[in-house]
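Got your viewer open and a cartoon representation switched on? Let's walk through this model stop by stop, with something to select at each one.

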Protein chains: 4
Amino acid sequence: MNQWEQLDHEKIFRDPVLGHIYVQYKVVLNLINTAEFQRLRRVKQLGTTSFTFHGAEHSRFSHSLGVYEITRRICDNFQKNYPTKNKNDGLWDDSERLVALCAGLLHDLGHGPYSHTFEHIFDTNHEEITQAIITSEETEVNQVLKTVSPDFPNKVASVINKTYPNEQVVQMISSQCDADRMDYLIRDSFNTGAQYGAFDLSRILQVMRPYKDGICFKIVGVHAIEDYLVSRFQMYMQVYFHPVSRSMEVILNHLLKRSRFLFSNQKDDNQKKPDLLIPLFKNKVSLKDYLKLDDGVLNTYFIEWQDSDDEILSDLSKRFLNRRPFKSVVYDKHSAYLIKDMKKIIEDIGFDSNYYTATDNSFDQPYDIYDPDSNHHATQIEFMREDGSLVELSEVSPIVKAITGKLLGDKRFFFPKEMLNPNQNIDLFEEKYQYFNTFIHNGMIQTSKGENNYDFN
Amino acid sequence: MNQWEQLDHEKIFRDPVLGHIYVQYKVVLNLINTAEFQRLRRVKQLGTTSFTFHGAEHSRFSHSLGVYEITRRICDNFQKNYPTKNKNDGLWDDSERLVALCAGLLHDLGHGPYSHTFEHIFDTNHEEITQAIITSEETEVNQVLKTVSPDFPNKVASVINKTYPNEQVVQMISSQCDADRMDYLIRDSFNTGAQYGAFDLSRILQVMRPYKDGICFKIVGVHAIEDYLVSRFQMYMQVYFHPVSRSMEVILNHLLKRSRFLFSNQKDDNQKKPDLLIPLFKNKVSLKDYLKLDDGVLNTYFIEWQDSDDEILSDLSKRFLNRRPFKSVVYDKHSAYLIKDMKKIIEDIGFDSNYYTATDNSFDQPYDIYDPDSNHHATQIEFMREDGSLVELSEVSPIVKAITGKLLGDKRFFFPKEMLNPNQNIDLFEEKYQYFNTFIHNGMIQTSKGENNYDFN
Amino acid sequence: MNQWEQLDHEKIFRDPVLGHIYVQYKVVLNLINTAEFQRLRRVKQLGTTSFTFHGAEHSRFSHSLGVYEITRRICDNFQKNYPTKNKNDGLWDDSERLVALCAGLLHDLGHGPYSHTFEHIFDTNHEEITQAIITSEETEVNQVLKTVSPDFPNKVASVINKTYPNEQVVQMISSQCDADRMDYLIRDSFNTGAQYGAFDLSRILQVMRPYKDGICFKIVGVHAIEDYLVSRFQMYMQVYFHPVSRSMEVILNHLLKRSRFLFSNQKDDNQKKPDLLIPLFKNKVSLKDYLKLDDGVLNTYFIEWQDSDDEILSDLSKRFLNRRPFKSVVYDKHSAYLIKDMKKIIEDIGFDSNYYTATDNSFDQPYDIYDPDSNHHATQIEFMREDGSLVELSEVSPIVKAITGKLLGDKRFFFPKEMLNPNQNIDLFEEKYQYFNTFIHNGMIQTSKGENNYDFN
Amino acid sequence: MNQWEQLDHEKIFRDPVLGHIYVQYKVVLNLINTAEFQRLRRVKQLGTTSFTFHGAEHSRFSHSLGVYEITRRICDNFQKNYPTKNKNDGLWDDSERLVALCAGLLHDLGHGPYSHTFEHIFDTNHEEITQAIITSEETEVNQVLKTVSPDFPNKVASVINKTYPNEQVVQMISSQCDADRMDYLIRDSFNTGAQYGAFDLSRILQVMRPYKDGICFKIVGVHAIEDYLVSRFQMYMQVYFHPVSRSMEVILNHLLKRSRFLFSNQKDDNQKKPDLLIPLFKNKVSLKDYLKLDDGVLNTYFIEWQDSDDEILSDLSKRFLNRRPFKSVVYDKHSAYLIKDMKKIIEDIGFDSNYYTATDNSFDQPYDIYDPDSNHHATQIEFMREDGSLVELSEVSPIVKAITGKLLGDKRFFFPKEMLNPNQNIDLFEEKYQYFNTFIHNGMIQTSKGENNYDFN
């Protein structure tokens with residue numbers, strides 16, 4: 001197949017967020033139709049977030065199409081307004097379009113179910129798996145990519161890996177204002193109903209432009225980018241870091257941990273064999289095994305485990321399926337020392353604190369600038385002035401300056417809801433419950449000094 | 001618990017479609033938190049439609065909350081503008097509110113995964129199961145409802161069953177313009193991105209009013225209702241009856257049929273035992289068994305069946321999971337006789353026509369008026385004029401008159417895509433493929449007379 | 001200037017309805033900047049409709065930019081998907097783009113203030129004036145158009161006049177589904193808040209295509225077009241024909257009529273001289289005079305006339321400025337004979353029926369098909385099937401068939417609100433008021449037979 | 001009339017921004033129908049901004065209805081969730097509703113046409129005039145308000161004047177997050193198409209609550225308020241301070257100044273007498289005179305002045321009507337000294353710098369906290385924690401902290417566009433034009449040191 005072979009008729013997908021998604025190339029349509037890409041329909045984009053925002057039921061499939069489409073719109077704009085005329089003029093070379101489109105489409109291919117927790121428990125890495133799927137000869141994705149050219153799979157993988165030589169293509173997919181982030185913010189905002197995430201996508205696409213070292217923005221676009229970063233910040237604070245979703249992740253984490261423990265200790269006679277998870281328990285997971293996993297597979301085991309003889313496995317399964325989140329309180333470095341006292345009470349009342357408590361830190365850096373001393377090389381956001389010179393975002397936006405380089409978020413301690421609302425007839429432990437509650441004030445763990453304000457540091 | 005016990009703080013759910021969902025009563029919140037209601041998170045509202053409109057990934061959980069909320073808004077409006085002053089004045093008695101809210105919330109509780117196909121294969125009925133869940137002592141839903149009063153579960157069930165004495169409450173949940181239909185149209189439209197389904201919900205709520213025999217509309221609302229019915233019609237034509245979704249349903253149907261056949265014939269040694277389906281195969285399904293089923297459970301079996309030794313089971317599983325729909329053509333009563341010839345060719349080429357072909361009729365009656373001779377008693381839509389007299393919708397709307405009582409839709413014959421696009425190297429059957437194609441013109445089966453227009457009758 | 005001279009940087013206008021409006025050609029930007037085009041900012045698109053729907057305050061300037069933009073999008077789509085390869089292949093010749101864009105932009109240039117009433121009173125014709133502005137040497141528009149070529153003004157005028165040889169260009173601007181109608185429906189819907197007018201513009205643009213005799217639609221687009229026509233129908237019924245807006249037009253009409261009468265009869269000593277209207281009163285209006293008129297000019301005279309010695313002029317001015325609409329009732333051919341009795345009562349009470357009553361018929365034909373016997377040649381809407389054959393819309397849409405060729409609307413009789421709500425202390429005429437009210441039932445004039453249903457014929 | 005007399009049927013206005021506006025009280029409907037309130041239809045909310053954002057054509061009438069509606073929603077929420085039980089409990093007393101609704105509706109009644117410039121030139125004050133209209137016996141508004149009670153007009157005026165004793169009512173209408181600001185931000189954003197202004201109104205209404213000293217917010221609402229303040233900031237930067245709109249204001253300012261000069265110096269023989277402005281020129285303007293003024297009246301004089309013998313008056317009229325803005329450049333304290341040199345060149349070329357240049361500073365303080373040393377008492381935004389204690393916004397939001405108390409905006413120097421794009425054939429002054437351009441770099445006045453960065457201080 002010719003790399004640029006076009007469909008007879010452009011294929012149009014209706015998309016609730018972006019309106020329409022346009023596919024002109026056969027290779028793109030063929031990639032969408034692979035088994036590996038179709039699997040993404042069965043993995044929710046936001047995992048446990050839908051327990052908090054019930055509308056957030058969209059899949060990684062929808063998101064991936066969205067990233068493709070935003071990439072395509074960027075390419076269209078670049079080709080229309082900034083086509084290269086000669087090498088090294090820093091403008092857009094449209095022969096890079098196909099590799100950009102494929103990388104945008106495929107960048108999330110390696111995500112497992114409830115990805116964040118899954119990776120933590122099973123020590124997998126979705127980025128590595130994405131690249132493996134693209135480059136492994138056994139996948140349909142690889143077969144399709146090779147119809148373009150033998151080295152095309154490696155080229156696409158290198159874009160995702162950020163080693164591809166054309167920095168414009170890399171930054172389209174991975175930078176602080178890339179097609180991936182723009183799609184997930186706008187799509188998650190749309191589906192959660194959290195209007196904070198809305199920003200002016202079409203305006204950003206208008207002010208984005210290529211230059212010799214990658215992608216920058218026209219100076220008139222400062223406020224559009226500022227608005228995007230504030231939206232991003234707010235989605236983290238309000239949606240991604242929501243305590244109830246994190247609580248459900250804690251339960252999921254403990255549930256998988258318990259299952260593995262039972263498997264390892266051969267205590268799972270009455271546990272339904274989770275056939276598709278066993279390779280992971282054994283740390284011998286092939287790509288083929290991995291690609292059988294999705295949200296429904298995990299949930300199916302949880303449904304079966306509800307009837308397990310192991311009380312912890314059964315109870316946590318029910319808590320997860322039936323949405324019975326743990327409660328949580330905020331703590332900081334001053335109050336952290338009190339957690340062990342609180343755990344002690346929880347143990348006294350009869351909960352195994354390994355499975356019924358947790359601490360979780362959720363922090364995000366809304367915007368980062370280049371730091372020569374850091375080994376983490378964020379691409380800073382830059383604007384081009386009329387005379388062609390560049391200026392970095394935080395220099396022209398006092399709002400962005402305020403959040404640049406800061407870690408924002410919180411630390412929480414999770415415990416069973418029963419600690420706050422004990423069953424009425426259990427007065428055996430009444431004093432303990434009352435004592436537990438003295439640790440908490442205004443949703444935070446309070447020290448004896450009764451400090452009321454949260455210390456962000 | 002007092003029937004009317006209110007939450008200390010109203011509980012607000014963000015909803016992408018309706019903005020916010022407001023819960024004031026403890027019993028409603030407790031119902032949402034039952035295991036049976038939470039199961040609805042794991043059942044997609046539109047089943048195979050998301051294979052065509054990828055955004056349609058929302059669950060019956062979201063829809064059920066939506067029906068609750070629209071019911072609540074109707075009650076608010078009725079109580080504000082039409083509160084009863086004395087018995088038999090035909091106005092709204094707000095002591096009916098709670099039963100209406102609960103019926104709205106719970107009306108879809110009995111849906112299984114991929115409900116339409118599931119019911120067809122396993123001969124179940126979601127309405128009966130909904131009532132069973134509400135009235136069976138073994139469910140959490142029943143326990144919660146009984147906190148209101150011992151007969152409250154039966155009252156709620158009777159609203160869904162349309163035998164509840166207050167006709168206003170029944171019509172809120174079940175009529176040609178009820179909270180259920182309004183929510184699914186607007187929600188499905190929102191998520192598919194098909195703008196046809198959009199109508200002016202708040203306007204309809206403003207013109208809706210109670211009267212002695214149920215619910216009618218103010219005469220100024222004719223065009224709002226007309227628009228709603230046209231939207232409904234268009235959603236059926238464009239979304240619900242989409243040939244690709246129906247094709248995926250055909251595959252699903254054949255897949256479950258094959259699995260049951262193998263189970264019945266003990267041929268499934270290498271078929272992974274679908275433990276949670278076995279009660280259905282044996283026709284001995286308890287409520288508890290039924291409530292373990294969801295989309296993910298079925299998909300998990302399909303994932304396992306991909307590796308089955310039974311070629312048909314394995315192939316159909318792959319076609320379903322990886323979205324490889326059958327193709328289809330329209331036929332009518334004049335061309336139906338040709339289907340057996342087409343099936344013959346398909347068999348000749350090597351497909352078992354029991355599992356690789358199907359016919360499907362999808363028809364809808366966009367609006368129906370009362371017909372004394374019919375045993376199907378549709379509630380017609382009526383308007384109240386200034387002087388209090390009523391007039392039926394089709395009398396005042398020429399557009400509605402045009403579609404009243406009509407069945408609109410089509411009949412399709414489904415077959416493997418390979419019949420149209422054979423692999424290039426299989427020229428063994430080349431003539432057969434060519435012959436097959438002569439039956440088709442403009443997407444329809446054509447008779448030798450070459451008629452080009454579809455006969456709707 | 002080269003006809004195709006492009007701007008260095010595409011000029012982008014933010015538009016609340018269409019998102020953005022993109023201008024690539026210098027000539028288009030120069031046309032927007034002419035005095036004649038800027039005048040359109042001062043003429044409301046919907047005239048007296050904003051008295052009913054207060055949001056409908058948008059100008060003909062905004063609408064004209066919108067028509068330009070939709071035309072541009074059609075051209076873009078045609079050029080991308082249907083570029084001509086050889087003469088007479090019926091595909092799109094992009095050298096026609098500029099004439100199409102200019103015609104779309106300028107098609108409403110000749111509208112006066114409150115256009116409908118204005119034309120009626122002063123016997124002007126906005127289409128003729130549009131063409132005059134384009135072709136007259138004295139206008140800035142003409143000067144700009146001539147920079148393209150000497151005959152370019154005439155070409156643009158001939159598109160508006162429907163005599164331009166390329167039927168595709170003509171139908172973009174003037175047909176039953178053209179850029180003009182699509183923009184006004186969607187824009188008026190947006191600004192009135194009447195959601196009926198919403199339809200799926202981007203879908204229609206996707207299915208629209210050129211063919212040898214003009215523009216048709218792909219067969220998959222039937223429901224999108226159907227939805228557009230129903231939206232159009234509903235906007236007429238609900239917005240454009242709203243009785244209160246028509247009532248304000250009646251007052252405006254009578255006000256201008258009175259002013260002219262006073263001027264002609266030299267009775268206007270104390271009437272502020274409406275300098276800018278005098279050329280119209282004298283039937284000696286030059287293009288230059290005409291182009292000085294806008295909504296604010298008329299309103300300014302009304303403000304001054306409030307203090308006129310002529311009671312009718314003063315009273316009608318106040319009614320118009322302060323929104324004191326007449327009331328109205330529907331009548332039909334059976335009840336029309338009663339109007340003269342009603343007028344008699346109105347006269348008896350002291351109102352001059354020439355200035356305080358009116359009848360108005362508002363009817364629209366939502367969709368029309370070609371009728372060889374009619375001298376009115378509507379372009380019917382046609383669809384292209386897979387095999388290239390065409391089928392007319394009403395043949396494939398039962399909904400459209402229902403409204404094809406029908407005149408829908410109503411006839412109303414207007415009279416002062418005081419007839420229904422007399423001042424309390426005027427009991428002198430109490431019997432007359434009561435008698436007047438016996439003519440009215442359910443918002444209609446009723447005959448003695450008390451028929452209740454409206455006869456549409 | 002009873003103060004609380006309700007309409008038989010709630011009156012509903014469709015509103016494009018808020019959906020619907022609900023009127024329950026006769027007095028409110030009667031106020032809307034007064035001549036003084038109807039005048040607001042003829043005054044644009046954003047004056048010259050529509051020259052930059054063509055969609056911004058909405059009137060103060062629409063905005064005023066919006067403020068009323070948001071006030072009504074706040075009252076509804078307060079009455080539902082925080083009804084007072086005993087005096088001094090700091091909760092909401094619903095007998096304050098009517099005064100709040102009327103104050104919200106009428107708060108902008110005194111605005112003149114192009115209010116900002118108008119006040120500057122004629123030394124009027126719209127807040128004082130608003131109060132005069134409300135309290136003067138000669139207005140319809142006053143007559144309607146007095147039907148409630150003799151002192152009701154004074155009560156309403158005192159709310160607008162911030163002297164009304166109930167601080168909750170005052171803050172609904174005037175505070176840093178009041179009904180007025182919320183409506184204008186969301187409405188201006190909607191109509192300009194600038195998505196920056198969008199924020200989550202319904203969320204803010206949910207978290208707003210009364211307390212003993214006024215209005216505060218629930219702590220869970222921090223991000224909603226933060227988002228609102230960022231939106232407000234961005235609307236100022238992007239829309240309200242747009243250089244082109246300010247340039248059109250400069251022209252308007254100079255035009256009115258010139259007209260007054262000519263009138264004062266009796267040089268206006270050939271100037272059409274601007275009858276309705278003369279009282280202003282003479283500084284003898286009565287309320288009745290003032291209420292005759294609107295946008296259309298001013299524009300009508302400009303249309304007439306195009307033909308004036310005074311070249312400056314004629315030229316500025318054309319520039320304003322036909323949208324020929326001045327150009328502008330940013331300057332700061334370091335470069336301000338260069339303006340006089342630039343003016344000199346402009347004079348040399350032949351423009352009267354009094355009428356053809358200007359400087360304008362536009363600065364806004366996005367959020368202010370209470371400063372005991374300041375005589376400007378801003379109401380700071382406060383949040384109530386679980387335990388009832390209050391915390392000020394900037395203490396909990398790092399983003400808001402960044403913009404608290406800061407003045408953001410710019411200073412600009414305006415001059416004729418001809419200075420940058422001289423007519424081609426005028427090479428007489430070629431050197432002067434070139435010299436003029438050396439002062440400008442990257443849109444700013446540059447000093448010889450060539451500093452490139454703007455100094456905000």
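Start in chain C and select helices 5 and 13: helix 5 passes helix 13 in a right-handed crossing. This is a predicted model, so treat the whole tour in that light. Helix 5 covers residues 115–122 of chain C and helix 13 covers residues 243–264 of chain C, and their axes come within 10 Å, crossing at roughly 35 degrees. To see the contact, show side chains for C:H116, C:T117, C:H120 and C:I121 on helix 5 of chain C. Facing them from helix 13 of chain C are C:E249, C:L252, C:N253, C:L256 and C:K257.

Stay in chain C and pick residues 179–192, which is helix 10. How far does helix 10 of chain C reach from its first C-alpha to its last? The 14 residues reach 20 Å, close to the 20 Å expected at 1.5 Å a residue. Now add the surroundings: 13 of the 14 residues of helix 10 of chain C are buried, so the helix is largely enclosed by the rest of the structure. Step off the end and you land on C:G193, with a positive phi near 85 degrees.

Next, hide everything but chain A. You should be able to trace 22 helices and eleven strands in chain A. Its radius of gyration is 24 Å, close to the 23 Å that the globule rule gives for 457 residues, so chain A is as compact as a globular protein of that length. Turn it along its principal axes and the C-alpha trace of chain A spans about 80 × 50 × 40 Å. Colour by burial, and buried residues make up 50% of the 457 residues in chain A. Among contacts in chain A between residues at least 6 apart in sequence, 68% join residues at least 24 apart.

Zoom in on residues 311–321 of chain A, helix 17. Is helix 17 of chain A largely enclosed or not? Eight of its eleven residues are buried, so it is largely enclosed by the rest of the structure. Select A:I312, A:L313, A:D315, A:L316, A:S317, A:R319, A:F320 and A:L321 to light up those buried positions. For the cover, bring chain B back: it includes helix 13 (243–264), helix 16 (295–305) and helix 19 (353–356) of chain A, together with helix 2 (35–38) of chain B. Following helix 17 of chain A, look for A:R323, where phi is positive, near 55 degrees.

With chain B on screen, try a superposition. A turn of 180 degrees and a shift of 0.0 Å along the axis lays chain A on chain B with an RMSD of 0.0 Å. To find that axis, centre on A:G296, whose C-alpha is the nearest to it in chain A, at 1.8 Å.

Now select the interface itself: 31 residues of chain A are in contact with 31 residues of chain B. On the chain A side, strand 1 (6–15), helix 2 (35–38), helix 3 (60–81), helix 10 (179–192) and helix 16 each supply at least two residues. The largest share, six residues, comes from helix 16 of chain A. 100% of the interface residues of chain A are also interface residues in chain B, so the copies meet through the same surface.

Last stop: chains A and D. A rotation of 180 degrees, with 0.0 Å of shift along its axis, superposes chain D on chain A at an RMSD of 0.0 Å. The two copies are thus related as by a two-fold rotation axis. Centre on D:A402, whose C-alpha is the nearest to the axis in chain D, 2.7 Å from it. Here too, 100% of the interface residues of chain D are also interface residues in chain A, so the copies meet through the same surface.

How values were computed: Residues numbered from 1 in each chain as written. Chains lettered and ligands numbered in written order. Predicted model: local features only at pLDDT ≥ 70, side-chain atom pairs only at ≥ 80, totals over all residues. Least-squares fit on C-alpha atoms with pLDDT ≥ 70 in both. Contact = placed C-beta atoms within 7 Å. Helix = DSSP H or I, 4+ residues; strand = E, 2+ residues; numbered from the N terminus. Expected span 1.5 Å × (residues − 1). Buried ≥ 20, exposed ≤ 12 C-beta atoms within 10 Å, placed from the backbone. Rg over C-alpha atoms; globule rule 2.2 N^0.38 Å. Axes fitted to C-alpha atoms, helices over the stretch in contact; angles between N-to-C directions. Left-handed = near helix turned anticlockwise from the far one by under 90°.
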